[in-house]
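Got your viewer ready? Let's walk through a few selections, one stop at a time.

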Amino acid sequence: MGVPSKEETKRKRGKTKMSGVALNEAITVEFNLKGQPIGAESIGLSSFLGPLVREIVPVTFSDWRKVAPEIKEVLWKSIQVRYKLDRSWKKDYVFKTMGALWRASKSRLVKDIKEAKNDEERMKLKPDNIKSITEWKAFVREKTSIVFRVHRLFLIYDLKQLN
């Protein structure tokens, strides 16, 4: 029996999950002149946004901009319970950040779907916020289709031409 390779023994950190969100008082987060959160509280805010958006917004939306206003309202109220963000430009920053986090999470999930060896492994990847098996199977079918792969290749080719 051989020695396991570095890839076989490498442990990966799992996804961060939200524990409790209720606090006695909302935390004030300071922002610098560029509109970026700073200070110790900014770390907590950043750590809070990723799990929040992953748990509430299903990956089955084709685009962050198409997320229903009702879902965005739930996100914003969840943030306001924990953090005091009183200016509209702070809300803009938070939603821009959540959009980027959501897209990155969706991209990692699609990569995992493509690497899965069979349908059973793909079913295990289904996020909890997707209730319908039919909706999940349609999402997987779309992301593993020839049309999606060809479209992706053209996007990669176009990006390389720009550089």
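We'll start with a helix and then move on to some charged pairs, keeping in mind that this is a predicted model.

**Stop one: α4.** Select residues 88-115 and you have helix α4, 28 residues in all. From first C-alpha to last, α4 reaches 41 Å, close to the 40 Å expected at 1.5 Å a residue. Now color its buried positions: among them are Val94, Phe95, Met98, Trp102, Leu109, Val110 and Ile113. Don't skip the polar and charged names in that buried set, which also includes Lys90, Ser105 and Lys106.

**Stop two: the salt bridges.** How many should you expect to find? The count comes to 6.

Show the side chains of Lys111 and Asp112, which pair up at 3.7 Å, N to O. Lys111 is partly exposed at 43% relative accessibility, and Asp112 is also partly exposed, at 31%.

**Stop three: α5.** Jump to residues 119-124, helix α5, where Asp119 and Arg122 sit 3 residues apart, about one turn of the helix. Their side chains form a salt bridge at 3.1 Å, N to O. Which end is buried and which is exposed? Asp119 is exposed, with a relative accessible area of 55%, whereas Arg122 is buried at 16%, because the cut-off for buried is under 20%.

**Stop four: Glu142 and Lys143.** Here the closest N and O atoms are 3.4 Å apart, making another salt bridge. Lys143 is buried at 9% relative accessibility, while Glu142 is partly exposed at 43%.

**Last stop: a network.** Go back and add Glu115 to your selection: salt bridges with shared partners join Lys111, Asp112 and Glu115 into one network.

Key:
Residues numbered from 1 in each chain as written. Predicted model: local features only at pLDDT ≥ 70, side-chain atom pairs only at ≥ 80, totals over all residues. Heavy atoms only, no water. Helix = DSSP H or I, 4+ residues; strand = E, 2+ residues; numbered from the N terminus. Expected span 1.5 Å × (residues − 1). Buried < 20%, exposed > 50% of the residue type's maximum accessible area, 1.4 Å probe, protein only. Salt bridge = Lys/Arg side-chain N within 4 Å of Asp/Glu carboxyl O.
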